[in-house]
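Here's a quick walk through a few features worth pulling up in your viewer. Have the sequence and the coordinates open side by side.

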Amino acid sequence: MRVALLVTCLGDVFFPRVGWATVRLLERLGVEVEFPNGQTCCGQPHFNSGYWQDARALARHTVQVFSEAQYVVTPSGSCAAMVRLEYPELFRDDADWFRRAKSLAEKTWELSAFLIEVLGREDVGASLNGKAVYHPACHLRPLGISDYPMRLLRQVRGLELLPLERQDECCGFGGSFSVRFPEISTAMVRDKCRCIQASGADYVISTDAGCLMNIGGYLRRHKMGVRPMHLAEVLACQPR
């Protein structure tokens, strides 16, 4: 099985370790991973800000770059949602590009969904000692993903999962939302981080770099002593 990695902009710039962890994990499970060098932004920031023409240009480029892939896997629910849900809508009035966008959408997977639905794996041989809470990224919901990350985390040896108060609340990042409404975003991430700290966890785990950047930044600035980790990083950990 061959997979093309869609690493995402935030992953490329701020969280390269998440991309490396994704590759290590998939290769350990017997998957051949390729990295198309021509990939750029998927266009979601432009789409969410109302610049649909710019989003279409980036979508066309992405469709072309990944056209030969058997599967496309991304460690990001937001980018997966953009490709799977919004790409076909962007080209609703263009039959040829709609067909091509639909083809890419159907073979693009968020990491946890790929592990469970395609590979049929919940126990991936991961091991991490400590206590953790899980923050569900908002973009998993339109993808229909609810319990996949938790099902995978429950199989991680040595990891104790703790309840998180107000778990389903957004962390306040929301892409460009945090830029347009910084005061509201700050209040939301403050509430989220207070709940995380109160849980007594060593780690907060999520599936999106945007959430981790927002939550991790607040935790670090306020010296709350909780380490943010991406799901891929946790699943890539093995006993020493």
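At what angle do helix α2 and helix α7 pack, and how far apart are their axes? This is a predicted model, and in it α2 (residues 16–28) and α7 (residues 111–118) pack at an angle of about 5 degrees, with 12 Å between their axes. Angles under 35 degrees count as roughly parallel, so α2 and α7 are roughly parallel to each other.

As for who touches whom, α2 brings Thr22, Leu25 and Leu26, and these meet Leu111, Phe114 and Leu115 of α7. Sort the residues of that contact by type and you get 5 nonpolar, 1 polar and no charged.

Stay on α7 for a moment, because Ser112 sits in that helix too and counts as buried at 0% relative accessibility. What does Ser112 touch once its neighbours within four places in sequence are left aside? The contacts are Ile145, Tyr148, Pro149, Leu152 and Leu231.

On to the strands. One open sheet is built from 4 strands, in the order β6-β5-β7-β8, and the pairing is parallel. Its edges are β6 (157–161) and β8 (227–230), each of which pairs on one side only. Ignoring direction, neighbouring strands in this sheet are turned by 40 degrees against each other on average.

If you want to zoom in on one pairing there, try β5 (residues 127–134) with β6: the two run parallel and are joined by 4 bridges. Ala132 has Leu161 of β6 as its bridge partner. A handy reminder when you look at side chains here: in a regular strand they alternate between the two faces of the sheet.

There is further parallel pairing to look at. Strand β1 (residues 2–5) pairs with β3 (residues 71–74) in the parallel sense over 3 bridges, and Val3 stands opposite Tyr71 in β3. Strand β3 also pairs with β4 (residues 108–110), again in the parallel sense and over 3 bridges. In that pairing, Val72 has Thr108 of β4 as its bridge partner.

Now for backbone angles. Which residues have a positive phi without being glycine? Arg166 is one of them, with phi near 55 degrees, and Lys223 is another, at about 50 degrees. Arg166 lies in the loop between β6 and α9, while Lys223 is in the loop between α11 (209–221) and β8.

Are these two loop residues buried or exposed? Arg166 comes out as partly exposed, because its relative accessibility is 39%. Lys223 is exposed, with a relative accessible area of 73%.

Helix α9 (residues 177–180) holds Val179, which counts as exposed at 67% relative accessibility. Val179 and Gly217 are 38 residues apart along the chain, and their C-alpha atoms are separated by 15 Å.

Here are the accessibility values side by side:

| Residue | Relative accessibility | Class |
|---|---|---|
| Ser112 | 0% | buried |
| Arg166 | 39% | partly exposed |
| Val179 | 67% | exposed |
| Lys223 | 73% | exposed |

If you're picking views to save, try the α2 and α7 contact, where Leu25 and Phe114 are among the residues that meet. Then go to the open sheet with β5 and β7 between its edge strands β6 and β8. Finish with the loop between β6 and α9, where you'll find Arg166.

Notes. Residues numbered from 1 in each chain as written. Predicted model: local features only at pLDDT ≥ 70, side-chain atom pairs only at ≥ 80, totals over all residues. Heavy atoms only, no water. Axes fitted to C-alpha atoms, helices over the stretch in contact; angles between N-to-C directions. Parallel < 35°, antiparallel > 145°, perpendicular 65-115°, else oblique. Contact = heavy atoms within 4.5 Å. Nonpolar A, V, L, I, M, F, W, Y, C, P; charged D, E, K, R; others polar. Pairing = 2+ DSSP bridges. Buried < 20%, exposed > 50% of the residue type's maximum accessible area, 1.4 Å probe, protein only.
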